[in-house]
2 protein chains.
Amino acid sequence: MSEKVVVIGGVAAGASAAAKARRTDEFSKIIIFERGPYVSFANCGLPYYLGGEIKERDELFLVTPERFKERFNIDVFVNHEVVKIHRDRKTVEVINHKSGERFEESYTKLMIATGGIPVRPPLEGADLKNIHSLWTVPDVDAVKTLVDSGRVRHAVIMGGGFVGIETAEALLQKGIQVTIVEKGNQLLSPWDPEMAGLVAQQLRRMGANVRLDVGIRRFLGAKTVETVELMDSTRLPADLVIISAGVQPELDLVVGAGLELGVTGGVLVNSRMQTSDPDIYAGGDIVESTHFITGQKVRVPLAGPANKQGRVAGANMVGGNMEFRGVINTSIIKVGPMTAARTGLNEKEAREAGLDYYTTFTVSPDHAGYYPGAEPMIVKLIVEKLSGRLLGGQVVGTRGIDKRIDILATAIYGKMTVFDLENLDLAYAPPFSSAKDPCIMAGFVAANVARGELQTVTGMEVLERLAEGRDVQILDVRTPDEYTRGHIPGAVNIPVDQFRNRLHEIDKTKEKILYCGIGYRSYLAYKILEHHGFKNIKNLGAGYHGWKMVEGLRNRKQ
Amino acid sequence: MSEKVVVIGGVAAGASAAAKARRTDEFSKIIIFERGPYVSFANCGLPYYLGGEIKERDELFLVTPERFKERFNIDVFVNHEVVKIHRDRKTVEVINHKSGERFEESYTKLMIATGGIPVRPPLEGADLKNIHSLWTVPDVDAVKTLVDSGRVRHAVIMGGGFVGIETAEALLQKGIQVTIVEKGNQLLSPWDPEMAGLVAQQLRRMGANVRLDVGIRRFLGAKTVETVELMDSTRLPADLVIISAGVQPELDLVVGAGLELGVTGGVLVNSRMQTSDPDIYAGGDIVESTHFITGQKVRVPLAGPANKQGRVAGANMVGGNMEFRGVINTSIIKVGPMTAARTGLNEKEAREAGLDYYTTFTVSPDHAGYYPGAEPMIVKLIVEKLSGRLLGGQVVGTRGIDKRIDILATAIYGKMTVFDLENLDLAYAPPFSSAKDPCIMAGFVAANVARGELQTVTGMEVLERLAEGRDVQILDVRTPDEYTRGHIPGAVNIPVDQFRNRLHEIDKTKEKILYCGIGYRSYLAYKILEHHGFKNIKNLGAGYHGWKMVEGLRNRKQ
């Protein structure tokens, strides 16, 4: 028996659901109502269209309504807003915004994929002209027109998340002075602070002004915005403001229909993407998902899960039987030549989930150092104590970051431990990796820690010890040249190759923190000390890199 | 109690073992004897030094004997050949090739890492000048001197494996006419023939002459080689011959010492890398390993396993307790702009292991099609029937190939199924991937097949049906333009968007094979046919790409 499927919202989850429903059943009637003027557009591509990497506006449209009709026999109605769901009579009430017409459409199965809308903070002056989000095609059209007019010299970006940073880069490329204002104490909240700090450093290198720990008080101007006033009373000139202060799920229809919400405030769905009404499905930015590691409910408004959820819902609405298995919140962002990526739990999430964990930092080249073009990356692992289970990973660098985060994401999905990670059989040839891939190297170190062969300390922890004035001996085991070019305050220089002959210079009583450039030479020195009976030794993860990351955080506030 | 560790062979496994032994125990005495003039050199980098990517010869040396001494307190003796192991008195007999001196050195733990030596086929003329392997630094020095002299116009490469192909590329870059002669019916035997065929096509596009299915009969010339005569009596001019016809384990010492060999002919070791003598360890190209999927013994002479085996042996010799968990034979090769990679079992290996499997082919862009620079890749999966367990993967394309093979290798290591693969939570942003990553897309298709939602046929199977003159209806669902530019012989063109209206043109009685450009439009057409009651439908994996791969194989023999 075929269904009459109505899909509300025609972008990621909605479009996927409709197409999968058609592939699952040729005879169901399938209708998409989309409030906006476009379906199936490349939401994630908008900043790149603004920045000019994507040259043609048409590239943003993945599947047109005409294509939906002729290829999938799916009827798409754009500029059609569903304003109410009548569960009692199984209809939706629709307004055609072009004609003003209002009508009811019946369904046997309904898919709600209304997505999110950018949070619009209730600030004075927020209705001035040239204050925009960057969420839809009309949004980018408006901003691009403004930018291309050449009249924008100063832009302020409210919020340091994905869209904010990607838009900052696009505007910097256009020669515009950009300030990112983030009221939290770091950019990119899904990352840990020291990893996000690398992104802030990168944005500053690219010329952006990054302001953390301060919110926006109000927008000033006659008709168009001219000035942004911060909570600390700083005033920034602004011909353009981009609001990227988060996205909230568009839940009016869901709430109006009396469907259950979950603990996160997202729509409650089961693994088949069914809401509390078994004939109504939901997916994408509005639903809450199960976290694959913790089993807890989370909202992860990203394109990958949305597409998969849509596919599952689409199949199930017309007789299929698929499941969405949950999320680990893998994500990635390009910032100029830098890439930052993360997967699984960050430290804050691991703490909140009540997990006992440790972290490791390693620095490795993306491919064999003897083949040209190798670039270092920092890999951070979050690992469950005792079990050694991989809980999370974060990688920042310039080349091959996407590969390493996907290896870690796959390992987390496979419930692997760091003992698995160090044994992975990955592809090696000089242009692509080393015989010891960065992920394997991270596995080596994390497994060494788990086996008790190594105790580490993070840059953050060194920073804390210094701030507390604790009596530690910091040993820099690099060459005198490296030491002279910069070192941790108070560090004593004993090059690793002289270590065996200079053990008498090392204090037996104090805690000893060893570091080198990336953590490998100091690991050798660590083992020498340990074997000579020294106690209370720590190796600084990622070495001087690990220090520079957090040293930057000290100077974070501008 | 500290050990006296003697390591025979100072490259990958030997060097790793010595360094890990030192990190595990500061007080053991550690000695490396290396027959050749160099330790710890970048074996895998030799073709790139020849080709000029690696500019400095010094780059090839990863750790010098001096560095071993001062940093690791390890004594390295190069040009020192161990000629006999006296297990009764726990000594090795050593010849110093510089001085001619012969002496015995005692050990408490011995590591054998003698590696492989290139097979030197016993052919007429094989001792002529300018016939070389490319296995050691002296090898590459000799070849580079010859090439840089400008006197090499024609080179013949015997054997189409890793070294043969990488050397072919290096010589082509130098403007030399190159012929690869491979006596098997494909290059790169670890890959399946149709995937290896893409590499052969690529080499031909780069100007190489690739001769398959024919061996070399003899080498002709006065003092230096001038002509290579093939088994079919073809004569090829040759100023230089590279022998890359495989590598055999260097087992003289092992056999002489009466240590047990395994079923593959490699040294038998346990997971702690111990040989049949518990005080003697081995690793690298000479040992046999356990295949992670089949549990069978295999020899995988690659750098990744060698380094890990060395690390395990090194720790265990001085009191550690580590295990080497086995191999899945992940490997990768760059061929001009193309990359080919593989992991797990290929079809032949799956058959030989008695596994019931199916294969899928998918073509996907390496990143979002709307972001510039996206390039297609072909992903082949080998999947166990019933369980859906991923047995193997092969990926060929130009960008992001290393990432996808490592995702698949990690998934195989995690014993994942295609249902896991389709659910992976990978990193998506337009420059790096699509919301449906090539691995996820491959998982979608393979899981659809496992669920019975789709039956596929491979290009090979279409080729067989045509060769047998079977009465199939081949339906090309692309546009008329695409069809006109090239199609499978006998195919009828019914574009997918006209499919619903032209069902009467389709033969109910015959087997129907559907294809498009990559397999997605034909999948839609397949579902339309199926829902309209048609039986015996197959979708051609990778579409016209899948055909072009095997069509190339038909014309393989030159």
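Biologist: How much area do chain B and chain A bury between them?

Modeller: Happy to start there, with a predicted model in which local features need pLDDT of at least 70, side-chain atom pairs count only at pLDDT 80 or more, and totals for chains, interfaces and linings use all residues. Side-chain values use heavy atoms, leaving out hydrogens and water. Buried area is the accessible area (1.4 Å probe) that two parts lose on being put together, summed over both. Carbon and sulfur atoms hold 58% of it, and the total for chain B and chain A is about 7,600 Å².

Biologist: Which residue of chain B comes closest to the rotation axis?

Modeller: Superposing by least squares on the C-alpha atoms of residues with pLDDT of at least 70 in both copies, chain B lies on chain A with an RMSD of 0.0 Å after a turn of 180° and a shift of 0.0 Å along the axis. The two copies are thus related as by a two-fold rotation axis. At 2.3 Å (C-alpha), the residue of chain B closest to that axis is Lys403(B).

Biologist: Nice! How many salt bridges are there between chain B and chain A?

Modeller: A salt bridge here is a side-chain nitrogen of Lys or Arg within 4 Å of a carboxyl oxygen of Asp or Glu. One of them joins the side chains of Asp420(A) and Arg325(B), at 2.5 Å from N to O. Between chain B and chain A, the count is 14.

Definitions and conventions
Residues are numbered from 1 along each chain as its sequence is written. Chains are lettered from A and ligands numbered from 1 in the order in which they are written.
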